[in-house]
Amino acid sequence: MLACCDLQLRTSRRVTSTILRHTRLENTSSRYLARTLNYGYAIIRALIRRNIVVHGLEPSYGVNHHSTENSFNLSDDLIECYRPLIDYSIVMHLRERDVEDVELTPEDKQAIVGIMLEKCVIGDKIFRIGDAVEETIKSYLACLQADSASSLKLPTFIQGGK
């Protein structure tokens, strides 16, 4: 368990430093970036959790996440394909403003919640992120019923998300 958490922490630090280095956000506090990303992940994770329960799935039964201390293993599995969408949107938000604070402002939080209105592609259709999550979960249900992963529908990133 500790090795897994340590790996996640190292991966998170590596992603944060890569984002700072390659997006002209060198002056942004890595702590601020981490808080901003975590807020975005919390929003999408909550959306995924809600949809999991609405569709009658047990959120504690994950595919790759199996912690007995985590009641939302399945949402932690499904969030992975949405992380790049969150990362990109947050980086674009940070590039548009002068970041001096370490705390998220109400404007930051509003912009991050607005990410749910960004778009992505699943199959040959364009979805808003909120609707894409539901589509992914419906396809996951179909996979469980068919005992095959072939019908799993995951989002494809649209640069700019508009």
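The following exchange asks how features of this predicted model earn their labels.

User: What is the overall make-up of the protein?
Analyst: The protein has six helices and three strands. Along the sequence they follow the pattern α-α-α-α-α-β-β-α-β. Buried residues make up 37% of the 162 residues.

User: Why is the contact between Asp-76 and Arg-45 called a salt bridge?
Analyst: The N to O distance between the side chains of Asp-76 and Arg-45 is 2.5 Å. The cut-off is 4 Å between a Lys or Arg side-chain nitrogen and an Asp or Glu carboxyl oxygen, so the pair qualifies.

User: What makes Asp-76 and Arg-45 a link between distant parts of the chain?
Analyst: Asp-76 is in helix H3, residues 73-78. Arg-45 is in helix H2, residues 30-54. The two are 31 residues apart.

User: Why do Asp-76 and Arg-45 get the burial labels they have?
Analyst: Asp-76 has a relative accessible area of 14%. Buried means under 20%, so Asp-76 is buried. Arg-45 has 22%. That value falls between 20% and 50%, so Arg-45 is partly exposed.

User: How do you know that Glu-80 forms a salt bridge with Arg-83?
Analyst: The closest N and O atoms of Glu-80 and Arg-83 are 3.1 Å apart. The limit is 4 Å, so the label holds. Glu-80 has 39% relative accessibility, and Arg-83 has 26%. Both values lie between 20% and 50%, so Glu-80 and Arg-83 count as partly exposed.

User: What else does Arg-83 do, and what makes it count as lying over a ring?
Analyst: Arg-83 lies over the face of Tyr-41, at 4.3 Å from the ring centre. The distance limit is 6 Å, so Arg-83 meets that part of the test.

User: Why is Glu-135 said to form a salt bridge with Lys-153?
Analyst: The closest N and O atoms of Glu-135 and Lys-153 are 3.3 Å apart. This is within 4 Å, so the pair is a salt bridge. Glu-135 sits in helix H6, residues 129-146. Lys-153 sits in the loop between H6 and strand E3, 18 residues apart from Glu-135.

User: Is Glu-135 buried or exposed, and what about Lys-153?
Analyst: Glu-135 has 18% relative accessibility. That is under 20%, so Glu-135 counts as buried. Lys-153 has 38%, so it is partly exposed. In total, the structure holds four salt bridges.

User: What makes Tyr-88 and Phe-157 an edge-to-face pair?
Analyst: The structure holds one aromatic pair. In it, Tyr-88 and Phe-157 lie 4.9 Å centre to centre, with 75° between the planes. The centres are within 6.5 Å, so the rings pair. The angle is over 60 degrees, so the pair is edge-to-face.

User: Where do Tyr-88 and Phe-157 sit?
Analyst: Tyr-88 is in helix H4, residues 83-95. Phe-157 is in strand E3, 69 residues apart from Tyr-88. With a relative accessible area of 37%, Phe-157 is partly exposed.

User: How do you know that strands E1 and E2 pair?
Analyst: Four bridges join E1, residues 119-122, to E2. At least two are needed, so E1 and E2 pair. One of the partnerships puts Val-121 with Ile-126 in E2.

User: Why are E2 and E3 called edge strands?
Analyst: The three strands form an open, antiparallel sheet in the order E2-E1-E3. E2 (125-128) and E3 each pair on one side only.

Conventions. Residues numbered from 1 in each chain as written. Predicted model: local features only at pLDDT ≥ 70, side-chain atom pairs only at ≥ 80, totals over all residues. Heavy atoms only, no water. Buried < 20%, exposed > 50% of the residue type's maximum accessible area, 1.4 Å probe, protein only. Phe/Tyr/Trp six-rings, centres within 6.5 Å; stacked < 30°, edge-to-face > 60°. Lys NZ or Arg CZ within 6 Å of the ring centre and 35° of its normal.
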